[in-house]
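Got the structure open in your viewer? Let's take a walk through it, one selection at a time.

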Amino acid sequence: MKTVKCAYLAIVSILGMWLLLAVFSATPVEAKLQYASKEKTACKTCHVKPAPKKDDNELNDVGKCYQRCEHKNLDQCKKDPVNTCKA
Ligand code: HEC
């Protein structure tokens with residue numbers, strides 16, 4: 001019986017931590033995951049690294065262009081990342 005209770009506690013605390021993490025970290029990453037799924041394209045389309053993280057999310061030219069374009073015109077940015085949406 002004791003082991004069962006232990007396992008239960010472990011699961012509850014893991015779930016709890018996971019929830020806390022989700023609450024604190026979800027917003028920005030979720031927003032970016034949205035760009036990726038909205039645009040149906042890999043992270044590498046806009047980022048230098050294939051799996052960008054919060055503190056390591058350098059944008060490539062296409063990504064910078066997409067940001068300049070207020071997250072629109074991805075197709076145009078892919079064709080001409082330097083001049084699209086230039087002020
Ligand atoms: C269509 C272009 C695009 C794609 C695809 C994309 N990103 Fe991004 N990402 C951006 C831009 C632009 C920014 C800079 C912040 C902004 O403009 O909102 C950014 C920022 C981020 C950040 C920093 C978030 C912050 O608010 O500090 C993370 C983390 C990130 N992206 C992860 C990802 C991951 C993981 C993927 C793939 C699943 C991905 N991105 C795909 C364009 C993209």
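pLDDT is the predictor's confidence in each residue, on a scale from 0 to 100. You'll want that in mind, since what you're looking at is a predicted model. Over the chain, pLDDT averages 81, and 74% of the residues score at least 70.

**Stop 1: the whole chain**

Start with everything shown as a cartoon. How many helices and strands are there in the chain? You should find three helices and zero strands, and following the sequence gives you the pattern α-α-α. Now color by pLDDT. Among the elements, α1 has the lowest mean, 66, while α2 has the highest, 96. Where pLDDT is low, the predicted coordinates should not be read in detail. Two more numbers while you're zoomed out: buried residues make up 9% of the 87 residues. And of the contacts between residues at least 6 apart in sequence, 9% join residues at least 24 apart.

**Stop 2: α2 and its buried face**

Select residues 61-68, which is α2. Which residues of this helix are buried? They are V62, G63, C65 and Y66. Turn the view until you look down the axis of α2: these buried residues fall within an arc of 160°, so they line one face of the helix. Next, add residues 74-79 to your selection; that's α3, and it is part of what covers the buried residues of α2.

**Stop 3: the core**

Keep both helices on screen and show side chains for C46, V62, C65, Y66, L74 and C77. These six residues form the largest nonpolar core. The elements giving two or more residues to this core are α2 and α3, and the largest share, three residues, comes from α2. Here's a general rule to go with the picture: in soluble globular proteins, nonpolar side chains tend to be buried together.

Now click on Y66. Setting aside residues up to four places away in sequence, what does Y66 touch? The answer is C46, H71, L74 and C77. Three of those names may ring a bell: C46, L74 and C77 are in the core list too.

**Stop 4: D61**

Still in helix α2, select D61. Is D61 buried or partly exposed? It has 15 C-beta neighbours inside 10 Å, and because a residue needs 20 or more to be buried, D61 counts as partly exposed. Not counting residues up to four places away in sequence, D61 touches P81 and V82. Try your distance tool from D61 to K78 as well: the two are 17 residues apart in sequence, and their C-alpha atoms are 8.8 Å apart in space.

**Stop 5: the loop before α2**

Step back into the loop between α1 (2-38) and α2, and pick L59. L59 counts as partly exposed, with 14 C-beta neighbours inside 10 Å. Leaving out its neighbours within four places in sequence, L59 is in contact with C46, H47, K64 and Q67. Zoom in on H47: it is twelve residues from L59 along the chain, yet their C-alpha atoms are separated by 4.2 Å.

P52 is in the loop between α1 and α2 too, so select that next. P52 is partly exposed, with 19 C-beta neighbours inside 10 Å. Beyond the residues up to four places away in sequence, P52 touches C43, H47 and N57. That brings you back to H47, which is also on the contact list of L59.

**Stop 6: positive phi angles**

Finish with some backbone angles. Just after α2, select E70, which takes a positive phi of about 55°. Then move to H71, in the loop between α2 and α3. H71 has a positive phi of about 65° although it is not a glycine. With 14 C-beta neighbours inside 10 Å, H71 counts as partly exposed. You've met H71 already, as one of the residues that Y66 touches.

For your last click, go to the segment after α3 and choose C85. What is the phi of C85 near? The value is near 65°, which is positive in a residue other than glycine. C85 has 17 C-beta neighbours inside 10 Å and counts as partly exposed.

How values were computed
Residues numbered from 1 in each chain as written. Predicted model: local features only at pLDDT ≥ 70, side-chain atom pairs only at ≥ 80, totals over all residues. Helix = DSSP H or I, 4+ residues; strand = E, 2+ residues; numbered from the N terminus. Buried ≥ 20, exposed ≤ 12 C-beta atoms within 10 Å, placed from the backbone. Contact = placed C-beta atoms within 7 Å. Arc of directions from axis to C-beta. Core = buried A, V, L, I, M, F, W, Y, C linked by C-beta atoms within 7 Å.
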